[in-house]
Amino acid sequence: MEHVVIAGGGPTGLWLAAELRLAGAPVTVLEVLHERAPHSKALTLHPRTLEILAFRGVAEPFLAEGRRIPSGHFGGLDERMDFGALDTPYPFTLALPQARTEELLEAHAVASGAAVRRGHRVTGLAQDADGVSVAVAGPDGPYTLRAAYVVGCDGTRSTVREAAGIAFPGTDATTWGWLGDVVLDAPPEGAVYAASGPAGGVMVVPMPDGVHRIVGGDPDSNGPDHPGELTLDALRAKVTRIAGTDFGMRDPRWLSRFGNATRQAAAYREGRVLLAGDAAHMHYPAGGVGLNVGLQDATNLGWKLAATLAGTAPDGLLDSYHAERHPVGADLLLSTRAQTALMNARSPEGQDLRALLSGLIATVPAFSRSLAERLSALAVAYPPASPAHPLTGHRAPNLELAGGSDLFTALRPGRYVLVDFTGTPAPTQVPGADVYAAPRPDGRPAWSTVRTALIRPDGHVARASDEADTDGPALRADGATFETSPRPQARTAAPGTPRQHTGR
């Protein structure tokens, strides 16, 4: 199988490397930093990201160390969304510093067989019909790598994106948030503290080692120009003005500002060059979704790129990465812009708008749940190209399988999974898919009439059928359905007897 070079050893690049290695693809990750950054831009893992980690068998270390928060905010509104209403094994956000998340992801990628080179920076590339030549500056001088494909996971200032000539249109910053990782002598109680009003908004979240993260925004931070470096005295004054106290803050570990510049790559693929994560989309970190969307990009791309390398992908499969994930990125930008507007709604009219929406979250469960599903990425669905079953393209929940197993366990090998709910003998061999029998999915109305469902390696429904016979659409072994498996050798499982997968 041909070689893939990934530029950027952050969460997105590391997860993509592991996904490609799951399919046997040789991978080299090039990361410019010699050592991992000690400061954590991101702090939150959302439910869909935890599901992704689970269906590759690596969620437990994250769950063991992270702090579970059973709610989430939208635009810093006073009322928080209850994640307990979500249909997921992980009805919470997980607070875990990005530095630790990266450490766990790198261990997973390396254990999978990925080569991670630190202190190596991509300086340019040139692609042709057969591959991509990647210019690299390494500790021992410049060199060139030859790859079948290159994926830019190298952040908002992506060298790969620029070298590929992919436009990055959008808007510049008009407001700036601020954060401080500090020690608090009088910390607020609870998992999350929040206060907001005309003077601004602030949140306080506990972190490991006795540190709290304070993050917020205020009118003094508006404007297109960066308002200068943040000092502890300035942070103390802002927090006191908003919350009425500085919580006894001292000993800052990290002080920083961030703007609401918003951009999206015009294309996620240009020939043999692809983009994922911050290289593909830039936005205000409202709701803590950025890292999560990057990992979800990588999960969508990994199996498709692997199938392309293996020669098992149908025409257009790799192009479907842009077709599916670019709209998700656009929706991400819409959501973060809307939340930024709410966070900056400090006029009397703006405060009334915040109060109205906050009241709807508190009193209209369907509204709260819809926002929660959107923020957590559980609502992401990929529209089919032609008329199909209503479940097609939607995320599959963790369905119970016969024999005491479940769908997320069945997805660990990174292959298609065919789930049969008929209770009658199903095919024991379906090219490119693992077959499992399952009891009726009671309690899930959208699944009540489904007889068979084909689940993609990324956990979304490829096909579903309400037909009783075993010759229904979900069982047809045509190229568009099964030949996209990332493994060229088909493996099968007898219904009711799932294989023992060890995962990674």
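Colleague: How much space lies in the second largest pocket?

Modeller: About 1100 Å³. Bear in mind that this is a predicted model. The residues closest to the centre of that pocket are Glu-324, Tyr-382, Pro-383, Gly-393 and Arg-456, out of 49 that line it.

Colleague: What makes a residue count as lining?

Modeller: It needs an atom within 4 Å of a pocket point. For the second largest pocket, 49 residues make the list.

Colleague: And how do those residues divide into nonpolar, polar and charged?

Modeller: The lining splits into 29 nonpolar, 13 polar and seven charged. Gly counts as polar by the definition used, and Tyr and Pro as nonpolar.

Colleague: Which helix gives the most to that lining?

Modeller: H8, with 10 residues. Helix H7 (290–310), helix H10 (365–376), strand S26 (461–465) and helix H12 (479–482) are also among the elements that each supply at least two.

Colleague: What does H8 pack on? Start with the sheet, please.

Modeller: The sheet is open, with three strands in the order S13-S19-S22 and antiparallel pairing. S13 (170–171) and S22 (281–282) each have a single partner strand, so they stand at the edges, with one side lacking a neighbour in the sheet. Helix H8 (residues 319–343) packs on this sheet and touches S13, S19 and S22, its direction making about 175° with that of S19.

Colleague: How do you know that S13 and S19 pair?

Modeller: Pairing takes at least two bridges. Two bridges join S13 to S19 (residues 262–264), so the pair qualifies, and the strands run antiparallel. Thr-171 stands opposite Thr-262 in S19.

Technical notes
Residues are numbered from 1 along each chain as its sequence is written. This is a predicted model: local features need pLDDT of at least 70, side-chain atom pairs count only at pLDDT 80 or more; totals for chains, interfaces and linings use all residues. Side-chain values use heavy atoms; hydrogens and water are left out. Helices (H or I, at least four residues) and strands (E, at least two) are DSSP runs, numbered from the N terminus. Contact means heavy atoms within 4.5 Å. Axes are lines fitted to C-alpha atoms, for helices over the stretch in contact, and angles run from 0 to 180 degrees between N-to-C directions. On a 1 Å grid over the protein atoms alone, a cavity is a set of points where a 1.4 Å probe fits but cannot get out, and a pocket is an open set with protein on both sides within 12 Å along at least five of seven lines; lining residues have an atom within 4 Å of a point. Grid points are joined across faces, edges and corners, and a volume is the space filled by probe spheres set on the points.
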